[in-house]
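Here's a quick walk through a two-chain model, one region at a time. Keep the viewer open and follow along.

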Amino acid sequence: MLQMTNLSKVYRTEVIETYALREFSLHVREGEFVSVTGPSGSGKTTFLTIAGLLEEFSSGEYLLDGVDVRKLSDTQRSRLRNEKIGFVFQAFNLLSELTIEGNIEVPLRYRRLGRAERQRRTREALERVGLAGRARHYPAELSGGQQQRAAIARALACSPRFLLADEPTGNLDSLMARGVMQLLQELHSDGATIVMVTHDQELAARAQREVHLVDGQILDLGARLGAQGAVQLNLQPGT
Amino acid sequence: MSIVGYYLDLALRSLRRNAVLAALTVVAVAVGIGASMTVFTLFRALSNDPIPEKSSQLFTLLIDNWGPRAAIPLDLRLAVSYADATALLQARRGLRQSESYAINVTVTPPDPAASPISASGHAVSADFFQMFDAPFRSGRPWTGTEDTSGAPVAVLSAQLADRLFPGQNAVGREVIFNEQSWRVIGVLRPWDPQPHFYDLIFANDDVFVPFESALAHNYNTLMAACNTPPPGPSAQAKKASDCLWVNFWVELPTAASVRSYSQFLENYTAEQRRLGRSYGPPPAYYLYDVRGWLTRQHVIPDEVRLATFVAFGFLVVCLLNAISLLLAKFTARVGSLSVHRALGASRLDVFAQCLLETALVGAAGGLLGLAAMLFGLKIERLMLGETLAPLARLDSGMVAITLCVAIASTIACGAYPSWRASRVPPALHLKAQ
């Protein structure tokens, strides 16, 4: 499903090279729920944006559903992102000028789906997250938890091959966070593949497999629920 | 809704969301467009081809009948002598040809209670109307025979005919010019070629009478340049002089006919020299087509050229301001655009969205600019002299040009901010949203 092999991301200036990811390898199989943890600056967000095709990498290989993304143009990457990946952000990233319905339709528009199909998918996604009655509301009219549910609905409406969640409960109080986490676990139980970046060890522990990042490299803590996780240790000598 | 319709919807929402910035951008475009197009309206009217279908086939000419002791250089003269014009007319070497000179007459209206009217016009040859495509509303032009015989016939403008004979057909009626009776044989439809190429000095035409009839009725010339004093002030006296007061136009429809006519002029001036007349050395003539004549006469004054240049410079300054505002606007939208990128929009999608938003700003700026133009043209008419003021008017062509320039220039200016917006790395802004 998602296979990164010896992937590096280097930020270069005239005098210094900074590795955000170094020789990074990870294989996420279909149906897995993987959490990615690590301290600030460990490369979690860089991993997520590269996985989400929002950023390019410096070297290595990344196969998304068997497609070598390095060879794709921006338009092809955008189409692949639209078709395969659903995002759930810490800051929700709902568009304030659009209603919840309008927000959910955005990726469907870029997929050039017809009006009836868009409406059907929007309705189903909103029902799935329990916001069917809030379709015509604007994001500012919803609570944080509801906004995050709407963001998840936006991701679900596209039937993505996997969900990328970046600190999905980071802006929520504990009650709302539990609700959102519960929803993600339900989606996983229904077969969704989820990769969640978080610094919250308690949340990370609820994933099927936890991957710990330090200085752009993986410290895989192993499979928690069965041995499905592809364990890859790429520790450099001395780290 | 198609994807373009969706982009339009997003653009309108974005403009509403940041209304102050959008309004400032629209005003920047409108001010630039209003100022530049106000001046350009005049420039365009002056550089207009007044008779586009035939402008390369109609020629006027100057002949150096004064020789080396000329009071005015050949290239500064405006007309030819009666002797030369008549000789060329009688030679009939062109498809059509016409002499003309400007006249003023006092018209006595048929209604005895009405006051006399002062009217301007031209005394012209029979070919004039067909040569210049003057459109007849009723009646006909006069014939060559009526011209040479000095028949008292006239063609009126629609405006004068309607004023003298309201609600009636003027053709066949008698009119009194300078207390002499003339018979109306034709009425033109409204016709006002701009610039008034066949006489750039006297541009009002309410009355047309046959050339020889005007002379027979002693209608004086309004302007003449003489190398030696004429024997008297009347038009008849000027006929025998070397004074230049007749505009001569000839229609030469093919390149071969132009070459042939040039050769004819060579031969004609050479013959005059052989006869001992003080014609200049060859080539003692200039032949101008309509465009060439307008250029030679500096129909576009240097002041108007300069003002147009300055006005477009001002437009550039306004558009540079618009670029800054658009950059600020798209920078403010970068978070929202990053979300669109994350949800599947390509760089091209983002670029198209921003460019469409820019086009909307351009269209709004163009419409507001048109309103500014109406005001600007009003001021321009007050400032310009009587000859140029009528040219400062807004027609449908100018409306279309203004809107096109506004939208095209704004899109051109918006291309860079749009491109910048499309290149912003979305990852940077999704976290901070």
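## Chain B in broad strokes

Take the contacts in chain B between residues at least 6 apart in sequence: 77% of them join residues at least 24 apart. Keep in mind that this is a predicted model. Chain B has 433 residues, and 43% of them count as buried. Its secondary structure comes to 15 helices and eleven strands.

## Where the two chains meet

Now look at where chain A touches chain B: 22 residues of chain A are in contact with 22 residues of chain B. On the chain A side, three helices each supply at least two residues, namely α1 (44-51), α2 (74-84) and α3 (100-110). Which of chain A's helices gives the most to that side? That's α2(A), with five residues.

As for chemistry, the side of chain A that touches chain B is a mix: eight residues are nonpolar, seven are polar and seven are charged.

## Helix α4 of chain A

Next up is α4, residues 115-128 of chain A. This helix has 14 residues and reaches 20 Å from its first C-alpha to its last, close to the 20 Å expected at 1.5 Å a residue. Right after α4(A) comes A:Gly130, with a positive phi near 75°.

Four residues of α4(A) are buried: A:Arg121, A:Thr122, A:Ala125 and A:Leu126. Why do they end up on the same side of the helix? They span an arc of only 130° around the axis, so they share one side of α4(A). The general rule behind this kind of pattern is that an α-helix has 3.6 residues a turn, so residues three or four places apart point the same way.

What sits over those buried residues? The cover includes α3 and α5 (144-157) of chain A. Flip to the face of α4(A) turned away from the buried side, and you'll find the exposed residues A:Ala116, A:Glu117 and A:Glu127.

## A four-stranded sheet in chain A

Chain A also has an open sheet of four strands, in the order β2-β1-β4-β5, with antiparallel pairing. The edges belong to β2 (17-28) and β5 (67-68), each with a single partner strand, so one side of each has no neighbour in the sheet.

Zoom in on β1 (residues 2-12) of chain A and β2(A): they pair in the antiparallel sense over eight bridges. To find your place there, start from A:Lys9, whose bridge partner in β2(A) is A:Leu21.

Note on methods
Residues are numbered from 1 along each chain as its sequence is written. Chains are lettered from A and ligands numbered from 1 in the order in which they are written. This is a predicted model: local features need pLDDT of at least 70, side-chain atom pairs count only at pLDDT 80 or more; totals for chains, interfaces and linings use all residues. Two residues are in contact if their C-beta atoms, placed from the backbone, lie within 7 Å. Ala, Val, Leu, Ile, Met, Phe, Trp, Tyr, Cys and Pro count as nonpolar, Asp, Glu, Lys and Arg as charged, and the others, Gly among them, as polar. The expected span of a helix is 1.5 Å times one less than its number of residues. A residue is buried if 20 or more other C-beta atoms lie within 10 Å of its own, exposed if 12 or fewer, and partly exposed in between; C-beta atoms are placed from the backbone. The arc is that of the directions from the helix axis to the C-beta atoms. Two strands pair if DSSP finds at least two bridges between them.
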